[in-house]
Amino acid sequence: MGSASGTAKSAARTVEGNPVLRILARTGYAVNGLLHILIGIIAIAVAVGAGGSQEADQSGALKQLSSNPIGYAVVWIVVVGLFALGLWQIISGFLVHEEDSKKRWAKRVGEWAKAAVYLVIGGTALSVALGSDSSSSESTSSMSATLLASPGGVFLVVAIGIGVFAAGVSFVVIGVRRSFTKKLVVPPKPAGSAVVTLGVVGYVAKGIALAVVGVLFVVAAFTHDAQQASGLDGALKALAGLPFGVVVLSAVGVGLIAYGIFLGARARWARL
């Protein structure tokens, strides 16, 4: 068992040292940042009533990109970058340094969960690049409907909601504590101060959006209404319905743009 584990780690280190993969992983951060900037812009448009039927999520941002030839080419770069970043996170999971076995596996699961997110978004980008008109919000609602119709599915939807809500809280905590700086080679001031500020604002905004997504999953479970669980698009549009919703959603939109710019900076200064 130990030999197999050592072999896996050795293979992971070999792949991790590949300069091409490192460049592609940084590209992944950059294109993920671009998607968040577009989502933030769409969110602000929705807040001020100019969003129309646009989806304020990754699929909406990708459809915006693919609407012209240059953007369509960028979508393919998004596909490659996100798949590479997903692979990087899988490798990072194997190379976690932690003496305590439970902590080591907790960190590995965290890295592999991030990998799953990047691969899913990469899959969405691939479907858009291939001409699919699929919608992330509709796919999420469909998945929720399937779960709610299955035995014990209500509890699973609640568990998903709690998990996503916890992820949102985690993002807020990371932002407030500035824990994300551990993953960066923070540049000297004033650039360093700007990057950290963008990170704080961005992580908090992303956390709020994720927390609302989690709440909507729980609401969908208790009301047996899968349409409530419509992912990031539904969460951001739900914010618009709150008192002072225009201000709240606009602020979150600005925060998502800040997060996107931060990810662009992370592409440059990430510790890989």
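Okay, let's start with the nonpolar patch: its largest share, three residues, comes from H7. Keep in mind that this is a predicted model.

So who's in that patch? On the surface you'll find Phe165, Val169, Val173, Val215 and Val219, and together they have about 340 Å² of accessible area. Helices H7 and H8 each supply at least two of the patch residues.

Let me pick out one of them, Val215. You'll see Val215 in helix H8. Is Val215 buried, exposed or partly exposed? Its relative accessible area is 39%, and because partly exposed covers anything between 20% and 50%, Val215 counts as partly exposed.

Now let's move over to helix H6. That's residues 136–148, 13 residues in total, and at 1.5 Å a residue they should span 18 Å. The end C-alpha atoms of H6 are in fact 18 Å apart, so the expectation and the model agree.

Which residues of H6 are buried? They're Ser137, Thr140, Ser141, Ser144, Leu147 and Leu148. If you look down the axis of H6, those buried residues fall within an arc of 120°, so they line one face of the helix. Swing around to the other side of H6, and there you'll see Glu138 and Thr146, which are exposed.

And what covers the buried residues of H6? The cover includes helix H7 at 153–177, helix H8 at 191–223 and helix H9 at 231–240. You've already met two of those names: H7 and H8 also supply residues to the nonpolar patch. That's my tour, thanks for listening.

Note on methods. Residues numbered from 1 in each chain as written. Predicted model: local features only at pLDDT ≥ 70, side-chain atom pairs only at ≥ 80, totals over all residues. Heavy atoms only, no water. Helix = DSSP H or I, 4+ residues; strand = E, 2+ residues; numbered from the N terminus. Expected span 1.5 Å × (residues − 1). Buried < 20%, exposed > 50% of the residue type's maximum accessible area, 1.4 Å probe, protein only. Arc of directions from axis to C-beta. Contact = heavy atoms within 4.5 Å. Patch = residues over 30% accessible without salt bridge, like charges linked within 9 Å, V, L, I, M, F, W, Y side chains within 5 Å. Areas by Shrake-Rupley, 256 points an atom, 1.4 Å probe, with all protein chains shown as cover. Salt bridge = Lys/Arg side-chain N within 4 Å of Asp/Glu carboxyl O.
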